Amino acid sequence: IYSLDFSWDPFGVLLRRRATGTVLLNTTVAPLIFADQFLQISTSLPSRFLYGLGEHRSTLLHSLDWTTLTLWARDVSPTESFNLYGAHPFYLLMEEGGDAHGVFLLNSNAMEVALQPAPGLTWRTIGGVLDFYIFLGPDPNMVIQQYQQVIGFPAMPPLWALGFHLCRWGYGSSNETWQTVKAMRNYQIPQDAQWNDIDYMDGYRDFTVDPQKFASLPSLVEDLHKHGQRYVMILDPGISSTNPHGSYWPFDEALKRGLFINTTQGEPLIGQVWPGFTAFADFSNPDTHQWWLENLQRFHAHVPFDGLWIDMNEPSNFMDGSEDGCPPGELDSPPYTPAVLGDSLSAKTLCASAKQKASVHYNLHNLYGLMEAKATASALIQIRGKRPFIISRSTFPSQGRYSGHWLGDNRSQWKDMYFSIPGMLSFSLFGIPLVGADICGFSGSTSEALCTRWMQLGAFYPFARNHNTQNEKAQDPTVFSPAARTAMKDVLLTRYSLLPFLYTLFHRAHLQGDTVARPLFFEFPRDVATLELDRQFLWGRSLLVTPVLEPGVDSVTGYVPRGVWYDFYTGSSVNSSGEMLKMSAPLEHINLHVREGAILPTQRPGTTSEMTRRNPLRLIVALSQSSTAWGDLFWDDGESLDTFEGGSYSYLVF
């Protein structure tokens with residue numbers, strides 16, 4: 001399906017798609033530069049429709065107007081043009097005529113990808129080798145499946161992971177956390193998991209609990225379990241290094257076993273995170289995984305958590321490099337530094353020269369979150385014997401095998417709500433389907449209208465969590481007016497009624513790399529009107545979500561692709577020629593449409609996934625114009641390991 005030609009002068013390769021003659025790669029357009037710390041290769045592009053290359057805050061479709069995208073894991077609130085928490089050197093390109101291909105550069109070093117309006121693209125990395133994988137599709141869904149055949153298919157999440165999660169930094173106590181859970185139950189608002197941020201810890205130290213303010217935490221967790229709910233708490237990789245010897249086992253033990261990242265002098269590199277001075281666990285060392293497991297086992301015996309939230313794993317450091325800065329040399333001061341925020345590789349992270357078991361931090365930095373997630377997933381399996389649930393901030397290709405991702409420290413603004421959609425869809429391309437943004441916004445103060453609209457959108461994030469920062473007024477559904485609270489409750493009940501459908505989509509993601517939240521152009525690749533759409537999305541191939549993303553409106557305009565679509569609530573149909581339609585959208589309503597020819601398995605919703613799964617099932621059948629429809633359902637116990645692989649499941653086709 002392709003031809004590959006080599007050229008000596010000018011030097012390069014030409015890759016063509018045989019069926020159409022389209023040139024997918026032509027690296028003769030600029031010289032190849034191949035030095036130890038500077039590798040650059042350029043190509044022309046067959047169109048301007050380019051997606052991927054994370055993690056960035058931008059529209060789903062990248063602008064080729066001299067945009068430089070830097071890949072270097074960094075702790076910073078999502079901001080346009082900054083390098084963010086994860087690194088994903090993969091792009092998907094839509095060719096003229098609707099074919100698609102993908103390109104993956106397997107390289108973990110700091111890099112930038114420069115986009116040119118020609119259209120063209122330049123890869124520039126400061127280490128490793130040029131190891132490209134090309135995926136020829138020809139359909140965008142197939143490109144992403146082929147990409148995941150290389151990086152690994154995502155793990156099957158437990159069913160409860162797909163329920164509603166609630167969190168905030170600054171509950172201040174386990175009793176206050178408990179009050180929120182009880183208020184949610186009192187209003188019968190669905191909730192599967194309660195979370196805590198760093199305020200549960202004693203002095204912000206990992207594997208500790210504040211003995212005063214969170215004394216009742218074990219009782220809270222017991223109560224959650226009694227009600228079919230789960231508990232998740234945060235962990236950071238920076239281990240407090242200033243405690244008296246013998247008083248803090250996690251540090252003493254890791255020091256004794258030599259499990260920290262070291263300076264060039266061979267001593268643990270000391271930086272600063274929430275607890276003060278910290279050393280950083282080296283997850284490239286297999287022995288660190290064992291130590292991590294032992295710490296989690298000890299903590300789990302006291303507080304039997306169900307899932308883990310791994311944060312600050314870029315790794316984040318409040319100092320640049322270390323308490324002593326970084327030594328001179330070509331790792332910390334390379335001949336060329338990509339356009340990273342802070343203009344230095346060590347900005348708000350560790351020295352690039354720091355020594356890890358597998359290599360220097362220069363090479364391993366972008367892999368830190370992946371390696372921690374791998375250790376955490378393995379530990380959770382050993383402790384609980386069930387499917388692990390992990391949400392990680394820093395990510396790298398193949399992360400989906402071990403964790404999901406949330407889009408980081410967003411703000412309570414309408415703009416941020418919009419940007420969550422391209423963010424979520426980009427992670428679908430990266431093989432991390434379990435993704436969402438902090439519903440109602442993390443920092444800043446939300447408004448009732450913004451939070452209502454955001455709860456409606458967030459009810460259709462694959463990973464749905466409302467999370468808030470400290471010292472801001474509460475934003476969980478219970479604190480709003482009866483009208484807003486009811487709208488939030490109703491949309492969560494709609495989500496819970498769709499759990500059988502959503503769970504089946506995750507099974508298909510796990511089995512073959514299908515996307516869960518999906519851009520419209522994946523289903524309508526020959527409709528050029530869909531190529532720039534990122535204010536709407538699909539669940540699977542058949543549920544169209546059109547959220548309201550601006551204040552003070554009671555209608556929304558959305559694109560309805562060609563064909564018959566049925567209103568999810570009323571069943572009334574619209575036969576579209578592929579056009580923008582104005583839809584009524586009062587504050588209590590989010591527009592959902594079911595595509596003709598689809599059958600959606602649903603269930604009468606309860607207030608937890610455990611309650612919901614005991615209820616009767618119901619099919620929504622949306623007949624096509626030729627009176628046919630198709631759907632499927634994957635069902636198992638919702639939490640056991642490898643149920644598909646072991647044959648412990650039901651799979652039904654309707």
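This is a dialogue on how domain 1 meets domain 2 in a predicted model.

Trainee: What makes 2–138 a domain here?

Mentor: The domain assignment of the protein gives 2–138 as domain 1, alongside domain 2 (159–315 + 353–498) and domain 3 (509–653). The bounds are called domains because an automatic or database assignment sets them.

Trainee: How do you know that domain 1 and domain 2 are in contact?

Mentor: Contact requires heavy atoms within 4.5 Å. By that criterion 32 residues of domain 1 are in contact with 29 residues of domain 2. The C-alpha centres of the two domains lie 32 Å apart.

Trainee: How much area is buried between domain 1 and domain 2?

Mentor: About 2,600 Å², with carbon and sulfur atoms giving 57% of it. On the domain 1 side, Arg57, Tyr85 and His88 supply 24% of the area buried against domain 2, more than any other three residues.

Trainee: Why is the pair Arg57 and Asp416 called a salt bridge?

Mentor: The closest N and O atoms of Arg57 and Asp416 are 3.0 Å apart. The limit between a side-chain nitrogen of Arg and a carboxyl oxygen of Asp is 4 Å, so the pair qualifies. Between domain 1 and domain 2 the count is three salt bridges.

Trainee: How many residue pairs are in polar contact between the two domains, and which elements of domain 1 take part in touching domain 2?

Mentor: There are 18 such pairs, with both residues at pLDDT 80 or more. The elements giving two or more residues to the side of domain 1 that touches domain 2 are β6 (49–54) and β8 (88–94). The residues of that side divide into 15 nonpolar, twelve polar and five charged.

Definitions and conventions:
Residues are numbered from 1 along each chain as its sequence is written. This is a predicted model: local features need pLDDT of at least 70, side-chain atom pairs count only at pLDDT 80 or more; totals for chains, interfaces and linings use all residues. Side-chain values use heavy atoms; hydrogens and water are left out. Buried area is the accessible area (1.4 Å probe) that two parts lose on being put together, summed over both. A polar contact is a pair of N or O atoms within 3.5 Å; within protein, one must be able to donate a hydrogen and the other to accept it, and residues adjacent in sequence count only if both atoms are side-chain atoms. Helices (H or I, at least four residues) and strands (E, at least two) are DSSP runs, numbered from the N terminus. Ala, Val, Leu, Ile, Met, Phe, Trp, Tyr, Cys and Pro count as nonpolar, Asp, Glu, Lys and Arg as charged, and the others, Gly among them, as polar.
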